[in-house]
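Dear colleague,

Please find below the structure that I am handing over to you, together with its sequence. My notes on it follow directly after.

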Amino acid sequence: MRPIGIGRKNCSFASADSGSETLARAMTIIETAKLNGLDPKAYLTDVLDRIHDHKINRLDELLPLNWTPITAAQAQAA
């Protein structure tokens, strides 16, 4: 939990409000993935690849708590 708090504190001193908000969002996603035992890079790569054609009413499946990586067999079936 400490990296999240420190990240938020550091973001409050960023030069632009929009940049600090974006950084805070990114850090929240990364730290949430870590807290759920996921590799943040693998998680973000997979989610960013899948989100464009994912159904809007099923976005909760892409949250770190519910996320499962797509396998090669699932990718070919879709």
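Leu48 is a residue of helix H3, which spans residues 40-50. The model is a predicted one, and every value below is computed from it. With a relative accessible area of 61%, Leu48 is classed as exposed, because the cut-off for that class is over 50%.

Leu48 also belongs to a nonpolar patch on the surface, to which Ile51, Ile56 and Leu59 contribute as well. The area of this patch is about 410 Å². Between Leu48 and Leu62 there are 9.7 Å from C-alpha to C-alpha, at a sequence separation of 14 residues.

The second largest pocket is the next point of interest. Which residues line the second largest pocket? Leu48 is one of them, and the others are Ile29, Thr32, Tyr43, Leu44, Val47, Ile51, Leu59, Leu62, Leu63 and Pro64. The volume of this pocket is about 210 Å³. Helix H2 (17-35) and helix H3 each contribute at least two lining residues, and H3 provides the largest share, with four. In terms of class, the lining consists of ten nonpolar residues and one polar residue, with no charged residue.

I turn now to the salt bridges, of which the whole structure contains three.

The salt bridge between the side chains of Glu31 and Lys34 has an N to O distance of 3.4 Å. These two residues lie three positions apart in helix H2, so about one helical turn separates Glu31 from Lys34. Glu31 is buried, at 10% relative accessibility, whereas Lys34 is partly exposed, at 46%.

In helix H3, the side chains of Asp46 and Arg50 are joined by a salt bridge with an N to O distance of 2.7 Å. Here the spacing is four residues, so Asp46 and Arg50 are likewise about one helical turn apart. Asp46 is buried, with a relative accessibility of 12%, and Arg50 is buried too, with a relative accessible area of 17%.

Arg58 and Glu61 form a further salt bridge, in which the closest N and O atoms are 3.0 Å apart. Arg58 is partly exposed, having a relative accessible area of 37%. Glu61 is also partly exposed, at 29%.

With kind regards

Definitions and conventions: Residues numbered from 1 in each chain as written. Predicted model: local features only at pLDDT ≥ 70, side-chain atom pairs only at ≥ 80, totals over all residues. Heavy atoms only, no water. Patch = residues over 30% accessible without salt bridge, like charges linked within 9 Å, V, L, I, M, F, W, Y side chains within 5 Å. Areas by Shrake-Rupley, 256 points an atom, 1.4 Å probe, with all protein chains shown as cover. Salt bridge = Lys/Arg side-chain N within 4 Å of Asp/Glu carboxyl O. Buried < 20%, exposed > 50% of the residue type's maximum accessible area, 1.4 Å probe, protein only. 1 Å grid on protein atoms, 1.4 Å probe; cavity = no way out; pocket = protein on both sides within 12 Å on 5 of 7 lines; lining within 4 Å. Points joined across faces, edges and corners; volume = space filled by probe spheres on them. Nonpolar A, V, L, I, M, F, W, Y, C, P; charged D, E, K, R; others polar.
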